Amino acid sequence: MVRFAVMASLAFQAGAAPPAPSYADWQAALADAVRDPAELCRLLGLAPSVAVAAEGGAGSFPLLVPRTYLGRIRPGNPEDPLLVQVLPQAAELAEVPGYRTDPLGEAGATCRPGLLWKYRGRSLMVTTPRCAVHCRFCFRRHFPYHASPQVPAEWEPAFERIAAEQSIHEIILSGGDPLALPDEQLAQLARRLAEIPHLRRLRLHTRLPVMIPQRVTDPLVAWIRGTRLSPVMVIHVNHPAEIDQPVAAALGRLVEAGIPVLNQAVLLRGVNDRVEVLAELCEHLVDLRVMPYYLHQLDRVTGTAHFEVPEATGVKLIEQLRARLPGYAVPRYVRETPGGAGKDVLA
Ligand code: SF4
């Protein structure tokens, strides 16, 4: 840690981003994440006033960002598009009409502890409250994680519900971030799900391979490949600068292992609300054999209004993307509404 701080301060003198530290494993990187706004600002050469604003804005959703991400942020720029995704702001405290703690009505969609059933054919398990990062725009930033199973044995009611519903063919492991769980626990979960005959697919929604690329380990790839369920991994990248060489290598390992990898992004003001940024992101993903899947309209969750981009702007951006890129490289622009039968496709 000390070594990293010294190296980081030398990097500032050279005007470069702080170098990513090396860790023994992904759990060590997860445990060593930055939690203190003052430390983050110090590492990134930002004014102490930025840290003060961040401390005030964080509320009950504190700063959390792994050091493996910091090297991708340009120092000294409080408007860096990667930084604004993770740095709390005073604007998060604003009460804005139309913004709620549960904008997607997930409390009403919870059919067993930790099991959400929103759409026909698939259900979602909230496997853990933990993430590698606290994204300031997260639609689950107020989610009551304490009501979900805390230990594997508490999942039995959910398994029984899934087993009783023949129409469910796919389970989405979500959270938090499911890859924050150890591989043995995930493998056990996958084995239990694979015992349910009508399940066919297992989807993983995760940001960990992007935040801490070391998370893509041999045991992870082994249990995903080993399950009889067809796997799909959906990662979350919003800006092309999030993909550095270690992230590209981690995604390459997944793809080489035959695991389909898709990306979902959220349209965010000041992050990716320009066609140049989105085009570069989509092309980079396709080059890595990751398919751009969804561009989400921001879910109106309390504390995130400053990130919202008007839908008309989003539609225009997609039209501009279509004029620049092949059709398969353009994500669907979608909005989720509580109680809907599926996502609304906006463009
Ligand atoms: S990684 Fe996903 S669940 Fe975790 S804070 Fe970010 S958006 Fe939310």
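**A guided tour from two cysteines to the parallel strands**

Begin by selecting Cys138, which counts as partly exposed because its relative accessibility is 22%. This is a predicted model. Next, select Cys135; at 9% relative accessibility, Cys135 counts as buried. The dividing value is 20%, since buried means under 20% relative accessible area. With the cysteines still displayed, note that the structure holds zero disulfides.

**Strand β5 and His205**

Move now to His205, which is found in strand β5. Is His205 buried or exposed? His205 has 16% relative accessibility and therefore counts as buried. Display the side chain of Arg203 as well: a polar contact of 3.2 Å joins the side chains of Arg203 and His205. Then show the residues around His205. Leaving aside residues up to four places away in sequence, His205 touches Ile172, Leu173, Ser174, Asp177, Pro178, Val234 and Gln264. Keep Gln264 selected for a later stop.

**Helix α11**

Select residues 218-226, which form helix α11. Which residues of this helix are buried? They are Leu220, Val221, Trp223 and Ile224. An α-helix has 3.6 residues a turn, so residues three or four places apart point the same way. To view what lies over the buried residues of α11, add α9 (183-194), β5 (201-205), β6 (230-236) and α12 (245-256), which are among the elements that cover them. Finish at the N-terminal end of α11, where Thr217 acts as the cap. A side-chain oxygen of Thr217 lies 3.2 Å from the backbone nitrogen of Leu220, a residue that is also one of the buried set of α11.

**Strand β8 and its partners**

Select strand β8, residues 291-296. Five of the six residues in β8 are buried, and the strand is mostly covered. Add strand β7 (residues 261-266), which runs parallel to β8 and is joined to β8 by five bridges. Return to Gln264, which stands opposite Tyr294 in β8; Gln264 is also one of the residues that His205 touches. To follow the chain from β7 to β8, trace helix α13 (residues 275-287); this β-α-β crossover is right-handed.

Now add strand β9 (residues 332-335), which pairs with β8 in the parallel sense over three bridges. Here Leu295 stands opposite Tyr333 in β9. The last selection is helix α14 (residues 311-324), through which the chain crosses from β8 to β9 in a right-handed β-α-β crossover.

Key:
Residues are numbered from 1 along each chain as its sequence is written. This is a predicted model: local features need pLDDT of at least 70, side-chain atom pairs count only at pLDDT 80 or more; totals for chains, interfaces and linings use all residues. Side-chain values use heavy atoms; hydrogens and water are left out. Buried means under 20% relative accessible area, exposed over 50%, partly exposed in between (1.4 Å probe, protein chains only). Helices (H or I, at least four residues) and strands (E, at least two) are DSSP runs, numbered from the N terminus. Contact means heavy atoms within 4.5 Å. A polar contact is a pair of N or O atoms within 3.5 Å; within protein, one must be able to donate a hydrogen and the other to accept it, and residues adjacent in sequence count only if both atoms are side-chain atoms. A disulfide is a pair of cysteine sulfur atoms within 2.5 Å. Two strands pair if DSSP finds at least two bridges between them. A crossover is right-handed if, with the strands pointing away from the viewer, the path from the first strand over the helix to the second runs clockwise.
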